[in-house]
Amino acid sequence: MNKHFLILLLLAFASCSSEKKSEGKIGNFQFSYELDTIHIDSKGEFFFLNNGLSGSTLSQSGELYVFNRPQLRLEIIDLDKKQLKDTVKFEVEGPNGIGALGINMINLTESGDFYFSSFTGLRQMDASGNLKRFINWDNEERIQDQLGTGKLISFDGIISRDGSKFYGTYSAEG
């Protein structure tokens, strides 16, 4: 009896269909991409691309801004001419220091100012590399009052083109 019951139970399970029928039709999905490599004249400088282009930014005029962490410099590459255009050297410490942990992201404004995000804060620098302003959400009472205690705001985000707004994320618990 147990054998017949077990066989009957297996047949019942086998007859149940778990296949879901789609009401809409799925058309052919095609996806393609191209990968291109270009040669950049580095003018004898060594580009540091261990992080790929993460954290870099592109200007409206087609210049690529990449931070070279070992050399502590910002490299400005003219993509139309395919050559290194300029570099801006930075220091770790001092009045224009970028901090020991380096830069995570670069934002460029219409005025030519850079906003560098790092683990310690957000630095607004002019085109020559002079520090104009340092922002640390943890020390800004007006920001903490709006969010409440225990919130952590990431310094990685997007600065508006005119430099007046920061778009980023924050966590519910710090």
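How many bridges pair β1 and β2, and in which sense? Keep that one in mind while you set up the view. What you have open is a predicted model.

**Stop 1: the four-stranded sheet**

Select β1 (57–58) and β4 (83–89), then add β2 (63–68) and β3 (73–78). Together they make an open sheet in the order β1-β2-β3-β4, with antiparallel pairing. Strands of a sheet are held to each other through backbone hydrogen bonds, either parallel or antiparallel.

Now for the opening question: β1 and β2 are joined over two bridges, in the antiparallel sense. To find a matching pair of residues, pick L58 and look across to L64 in β2.

Next, go to the other end of the strand order. β3 and β4 also run antiparallel, and six bridges join them. Click I76 and then D86 in β4, its bridge partner.

Before leaving, look at the edges. β1 and β4 each have a single partner strand, so one side of each has no neighbour in the sheet.

**Stop 2: two loops with a positive phi**

Most residues other than glycine have a negative phi. Two residues here go the other way, so have your dihedral readout ready for L72, with a phi of about 50°, and for K82, with a phi near 55°.

Start with L72, in the loop between β2 and β3. Then follow β3 along to K82, in the loop between β3 and β4. These two strands form a hairpin with four residues between them, and K82 sits in the turn. Is K82 buried or partly exposed? Its relative accessibility is 39%, so K82 counts as partly exposed.

**Stop 3: L64 and its surroundings**

Go back to L64, in strand β2. This residue is buried, with a relative accessible area of 13%; the cut-off for buried is under 20%. Show its contacts and leave out residues up to four places away in sequence: L64 touches L53, S56, T57, L58, E75, I76, I77 and L79. L58, the residue opposite L64 in the sheet, is among those contacts.

Draw a distance from the C-alpha of L64 to the C-alpha of L84, too. The two residues are 20 apart along the chain, and the separation is 9.4 Å.

L84 leads you on to S42, which lies in the loop between α1 (2–15) and β1. S42 has a relative accessible area of 19%, so it just makes the buried class, given that buried means under 20%. Beyond its neighbours within four places in sequence, S42 is in contact with F47 and L84.

**Stop 4: the second largest pocket**

F47 is a handy way in here. Select I38, I40, F47, L49, G52, L53, L64, V66, E75, I77 and L79, which line the second largest pocket. About 230 Å³ of space lies inside. β2 and β3 are the elements that give two or more residues to this lining. Colour by class and you get nine nonpolar residues, one polar and one charged.

**Stop 5: the nonpolar cores**

Now select F67, L74, F90, I98, I106, F114 and F116. These have the most contacts inside the largest nonpolar core, which has 14 residues. The elements giving two or more residues to it are β2, β3, β5 (105–108) and β6 (114–117).

Zoom in on F116. Leaving aside neighbours within four places in sequence, F116 is in contact with L74, F90, I98, I103, M105, I106, G121, L122, R123 and M125. Carry on from L122: it belongs to a second, separate core of eight residues, which also includes I135, W137 and I159.

**Stop 6: the largest pocket**

W137 takes you to the last stop. Along with R142, I143, K165 and F166, it lies nearest the centre of the largest pocket, which is lined by 20 residues. The volume is about 370 Å³.

Which elements should you show as cartoon around the largest pocket? Those that give two or more residues to the lining are β8 (131–135), α2 (141–147), β9 (152–159) and β10 (166–171). Highlight β10, since this strand gives the most, with five residues. Finish by colouring the lining by class: eleven residues are nonpolar, five polar and four charged.

Notes. Residues are numbered from 1 along each chain as its sequence is written. This is a predicted model: local features need pLDDT of at least 70, side-chain atom pairs count only at pLDDT 80 or more; totals for chains, interfaces and linings use all residues. Side-chain values use heavy atoms; hydrogens and water are left out. On a 1 Å grid over the protein atoms alone, a cavity is a set of points where a 1.4 Å probe fits but cannot get out, and a pocket is an open set with protein on both sides within 12 Å along at least five of seven lines; lining residues have an atom within 4 Å of a point. Grid points are joined across faces, edges and corners, and a volume is the space filled by probe spheres set on the points. Ala, Val, Leu, Ile, Met, Phe, Trp, Tyr, Cys and Pro count as nonpolar, Asp, Glu, Lys and Arg as charged, and the others, Gly among them, as polar. A nonpolar core is a set of buried Ala, Val, Leu, Ile, Met, Phe, Trp, Tyr and Cys residues joined through side-chain atoms within 4.5 Å. Buried means under 20% relative accessible area, exposed over 50%, partly exposed in between (1.4 Å probe, protein chains only). Contact means heavy atoms within 4.5 Å. Two strands pair if DSSP finds at least two bridges between them.
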